[in-house]
Amino acid sequence: MHHSQPLYRCGLEEHWRRQIGDLQPNSFARVIGGCEDFIKRLKLDAKLEGHDGCVNTVHFNSTGETLVSGSDDKEIVLWNWAVERKRLSYASGHDGNVFQARMMPYSDDRVIISCAADGQVRYGQVLEGGQVETKKLAKHRGRAHKLAVEPGSSRIFYSCGEDGVVRQFDLRTEKTTNMFVCHGFRSHGSKHRRNIVRLNAIVTNPRNSNHFAVGGLDEFARVYDIRRIMSSASEHDDQPVDTFTPKHLLGTGQVHITCVAFSQQEELLVSYNDELIYLFDKEMGLGSNPIDNSSQGTAAGRIDNNVIGPHPKLPEPQVYEGHRNAKTVKGVNFFGPNTEYVVSGSDCGRIFIWKKMGGKLIALMQGDSQVVNCLEPHPHATILATSGIDSAIKVWAPTADRILSLPEDAERVMATNKRRRENRSNISLTPDILRHVLRFRRLQSQSEADNLYVSEAFDEDLDLDLDMDDDEEEEEEEEMDSHEESSGSEGSANPRDCFIS
């Protein structure tokens, strides 16, 4: 016979103080919200149905009362999630899958910014009658995956895209600033042209509004200081102030970053495609150029002696494992009022929750019939919103009447994910790799191929030569589709069918 455990084993003193009025609700939430017993009682609390396609983004407003979502159906929806009803739904104006939508803070939930597969960055203004006016602010060449709002600002935000460009927006003037193009690193004195790094993620530091981090199609998470960028003598200089990657991934060229996140303690969380998730302290940085730190008298390649750049005996980052991140562009996030936990989706359709310190897996839930991609914590409560390939959004709350153990098949699920990750070919023919191969093959056959490579010059119109015209892109898509249909490899779901960030 099952004997139910006490409702909450932790924080009994805090519960008593709240009951007698000695502890305010907000203070109580900060103290008790990260209790492990809360996390182990998470269960499905609400299911929001209304999109017609993969849900690629979920985000709470500043009070946590409203949830905004975007989907492959190109609709943006504002939800009263507690009663599982739509507050507002409108056509985003995008011509492709909506990858991210956010409500700007201090705007009375009337300003929504978004980016999508069409490369556009748009914003919607909710009018008094409930109608929504939308406007295009800018357009990236290629997909635009992520937006990041400046901490404490109601008007300034950033975007990044597959063209490697980071842009700054100011809604007061609708002004767009092309800040820089992210390039790969090269050794000191090298004359080789630096390749553009396609970007998947951008996030601002909640404790330092001058710093933001980006991640894309190489192994390095880069942290930039906006003051250095704006004051740089070299226009559009993309020199980061620090870079982060695990030592064993240096120079492999076989991984890329799908998401980055900052904790309240300014730690940087990085999720890699078909690799693992890593947590970096500030002291784990590799410097502004991890490939060549000759000015410090050391080189990034000297990893056999625990020496990387100017940082001897660099400590190892905390690692989180058990999931698999291969089929789509997955998010990763912190959870808890003091970012006590790390959460990620997985190709197996599960939601993984680890303790931040130590990396112990404490919760594993079935979040999607196929793949979980997005995980958004409530700003004040121990509540988590998730989405993925399914068209429904799930909201999880600690309402179970007992502490839930890990499912019986947890070890099997993690072992299967690990085996599939390790068995995967060292060179995976993903759509991005195919795109590069096909482009290179086409460039070889053209007499003026040199003119098609991207120059480091960055003109006002951002006319990047890397991008092919529409006819070339359609031709390339047909070649890729033909290859993918014939490949039939295990787990080879086409990310372009539901390219979620």
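UniProt positions are given in the numbering used here, and its annotations may be inferred rather than shown by experiment. With that in mind, the unreviewed UniProt entry lists residues 48-80 and 365-396 as "repeat: WD". Everything below is read from a predicted model.

**The two annotated repeats**

Let's start with those two spans. Residues 48-80 are 0% helix and 55% strand, and the C-alpha atoms at the ends of the span lie 9 Å apart. For residues 365-396, the chain is 0% helix and 53% strand, with end C-alpha atoms 10 Å apart.

**An open sheet of four strands**

One open sheet has the strand order β1-β30-β29-β28, and its pairing is antiparallel. At its edges sit β1 (43-48) and β28 (372-377), each of which pairs on one side only. On average, neighbouring strands of this sheet are turned by 25° against each other, ignoring direction. Within the sheet, β28 pairs with β29 (residues 384-388) in the antiparallel sense over five bridges. In that pairing, L375 of the chain stands opposite T386 in β29.

**Two hairpins in a row**

Now move to the stretch that holds β14, β15 and β16. Strand β14 (residues 199-205) runs antiparallel to β15 (residues 208-216), and six bridges join them. The two form a hairpin with two residues between them, and I202 stands opposite V214 in β15. From β15 the chain passes through four residues into another hairpin, with β16. Here β15 and β16 (residues 221-225) are antiparallel and joined by four bridges, with A213 opposite V223 in β16.

**The nonpolar core**

In soluble globular proteins, nonpolar side chains tend to be buried together. The largest nonpolar core in this model has 18 residues, and those with the most contacts inside it are A221, F244, V260, L268, V270 and Y272. At least two residues of this core come from each of β14, β16, β18 (257-262), β19 (268-272) and β20 (277-280).

Which residues does V260 touch, leaving aside those up to four places away in sequence? V260 touches A201, I202, V203, A213, G215, A221, L268, L269 and V270. Two of these have appeared already: I202, which faces V214 in β15, and A213, which faces V223 in β16.

**Salt bridges**

The model has 19 salt bridges. Three of them are set out here, with the distance between the closest N and O atoms.

| Salt bridge | Closest N and O atoms |
|---|---|
| R198 and E162 | 3.7 Å |
| R324 and D274 | 3.0 Å |
| D409 and R412 | 3.3 Å |

Take the pair of R198 and E162, with closest N and O atoms 3.7 Å apart. R198 lies in the loop between β13 (175-181) and β14, while E162 lies in the loop between β11 (156-161) and β12 (165-170), so the pair ties together parts that are 36 residues apart in sequence. Both R198 and E162 are buried.

R324 and D274 form a salt bridge as well, at 3.0 Å. This pair also links distant parts of the chain, 50 residues apart: R324 is in the loop between β23 (318-320) and β24 (332-335), and D274 is in the loop between β19 and β20. Are these partners buried or exposed? R324 has a relative accessible area of 6%, so R324 counts as buried. D274 is buried too, with a relative accessible area of 11%.

For the salt bridge of D409 with R412, R412 counts as exposed, at 52% relative accessibility. Finally, E36, K40 and K355 are linked in a network of salt bridges.

Terms used: Residues numbered from 1 in each chain as written. Predicted model: local features only at pLDDT ≥ 70, side-chain atom pairs only at ≥ 80, totals over all residues. Heavy atoms only, no water. Pairing = 2+ DSSP bridges. Core = buried A, V, L, I, M, F, W, Y, C linked by side-chain atoms within 4.5 Å. Buried < 20%, exposed > 50% of the residue type's maximum accessible area, 1.4 Å probe, protein only. Contact = heavy atoms within 4.5 Å. Axes fitted to C-alpha atoms, helices over the stretch in contact; angles between N-to-C directions. Salt bridge = Lys/Arg side-chain N within 4 Å of Asp/Glu carboxyl O.
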